[in-house]
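I opened this entry to get my bearings in a structure that is new to me. My notes follow in the order I looked things up.

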Amino acid sequence: MVGSIFFDLEKAFDSINHSLLINKLPHYGISGKSKLLIESYLTNRFQRVQLDSSSSNSKTASMWTKVKHGVLQGSVLGPLLFILYINDLPNTIIHTATPILFAVDTSRLITGQTAHKFQNDLNSTFSKISEWFKQNSLSLNISKTYFIQFSSKSLNYLDINITYENNYITKVNGLKFLGLNIDNALSWKTHIDKILHKLSSACFAMRLVKTFVSQQMLKVIYYSHFHPIISYGIIFWGNSAPSSRVFRMQKRIIRIMIRGRSRDSR
């Protein structure tokens, strides 16, 4: 039995505690001037809110307040600091689950030989991670946290409930994670249906402009609007049964680029 919990954090980047982050830096070998530089970047910053009136020249502003939490999500350093902040999270569940971390997208893969062990490991993992979030000033968005049980069509799904503060974690048959649409049978049909819609639009656009631009420009359009869609995550879904529909679409758009006939195959 295999299942995964997909966690969602409320305002993850805004919730990072500066003091906790600075204390974690030495554990990753960041000390001396490097640590002082990051500490200077985070500390002694102030902010306030100012409202400008559209009907008059008056302005209303709040008091200056010291910023003790948060890193800039759009900055180069922000995501790196967030990764350093949560990098010790896997240590809490190293014996019961396999952690998957990618910035704010966090999930845990849990396996079990028996239904009883599977249920216990799920609840134990969730409890430990929830406690870690609390200790590190991070808030779990329970309404967007999901559990999915992976299984073949021949196996029955278990009636598993994961609770958190008297709330049940939503069990789903599929979801989107890191740009991939995952279903509980790992058939990739849903994901391929989604990308085929995008590829069809790109194919139509290519057909419209092919008489007005050179073949070199058509190649530029292909690598800008078609190739990124087809190549993303292909190592996961490329060998699935429904993937042949994507490759037929690829042949179609290549025939448009080379101005070939509908039955040409190259």
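**Rings.** I am working with a predicted model. I began with the aromatic rings and found Phe 7, Phe 126, Trp 132 and Phe 133 linked into a cluster by ring pairs. My count of aromatic pairs came to 9. One of them joins Phe 6 and Phe 177 edge-to-face, with 5.0 Å centre to centre and 65° between the planes. Phe 6 belongs to strand S1 and Phe 177 to strand S14, so I noted a link between distant parts of the chain, 171 residues apart. Both Phe 6 and Phe 177 are buried.

I then looked up Tyr 222 and Tyr 223, which also pair edge-to-face, at 5.1 Å centre to centre and 90° between the planes. Tyr 222 is buried because its relative accessibility is 6%, under the 20% limit. Tyr 223, at 49%, counts as partly exposed.

**Charges over rings.** I checked two spots. Lys 24 has its charged end over the ring of Tyr 85, 4.4 Å from the centre. Over the face of Tyr 41 I found Arg 45, at 5.0 Å from the ring centre.

**Cores.** Which residues have the most contacts inside the largest nonpolar core? I listed Ile 5, Leu 21, Leu 122, Phe 126, Phe 133, Phe 147 and Ile 162, in a core of 35 residues. Strand S1 and helices H1, H2, H3 and H4 each supply at least two of its residues. H4 gives the largest share, 6 residues. I followed Phe 126 further: its contacts include Ile 5, Phe 7, Leu 140 and Ile 162. Another core, of 26 residues, lies apart from this one and has Ile 182, Trp 188, Ile 192 and Met 257 among its members.

**The hairpin.** Next I traced S14 and S15, which form a hairpin with 2 residues between them. Leu 178 in the turn has a positive phi of about 55°. The two strands pair in the antiparallel sense over 4 bridges. Side chains alternate along S14: Leu 175 and Phe 177 point to one face and are buried, while Gly 174 and Lys 176 point to the other and are not.

**Asp 183.** Where does Asp 183 sit? I placed Asp 183 in strand S15, residues 180-183. Its bridge partner is Gly 174. Asp 183 is buried, because its relative accessibility is 10%. What does its side chain reach? I found the backbone nitrogen of Trp 188 at 3.1 Å. A polar atom of the same side chain lies 2.8 Å from the backbone nitrogen of Leu 186. Asp 183 also touches Ile 148, Phe 150 and Lys 189, among others.

Methods:
Residues are numbered from 1 along each chain as its sequence is written. This is a predicted model: local features need pLDDT of at least 70, side-chain atom pairs count only at pLDDT 80 or more; totals for chains, interfaces and linings use all residues. Side-chain values use heavy atoms; hydrogens and water are left out. Buried means under 20% relative accessible area, exposed over 50%, partly exposed in between (1.4 Å probe, protein chains only). A polar contact is a pair of N or O atoms within 3.5 Å; within protein, one must be able to donate a hydrogen and the other to accept it, and residues adjacent in sequence count only if both atoms are side-chain atoms. Contact means heavy atoms within 4.5 Å. A nonpolar core is a set of buried Ala, Val, Leu, Ile, Met, Phe, Trp, Tyr and Cys residues joined through side-chain atoms within 4.5 Å. Two strands pair if DSSP finds at least two bridges between them. Rings of Phe, Tyr and Trp (its six-membered ring) pair if their centres lie within 6.5 Å; planes under 30 degrees apart count as stacked, over 60 as edge-to-face and the rest as tilted. A charge sits over a ring if NZ of Lys or CZ of Arg is within 6 Å of the ring centre and within 35 degrees of the ring normal. Lists of a residue's contacts leave out its neighbours within four places in sequence.
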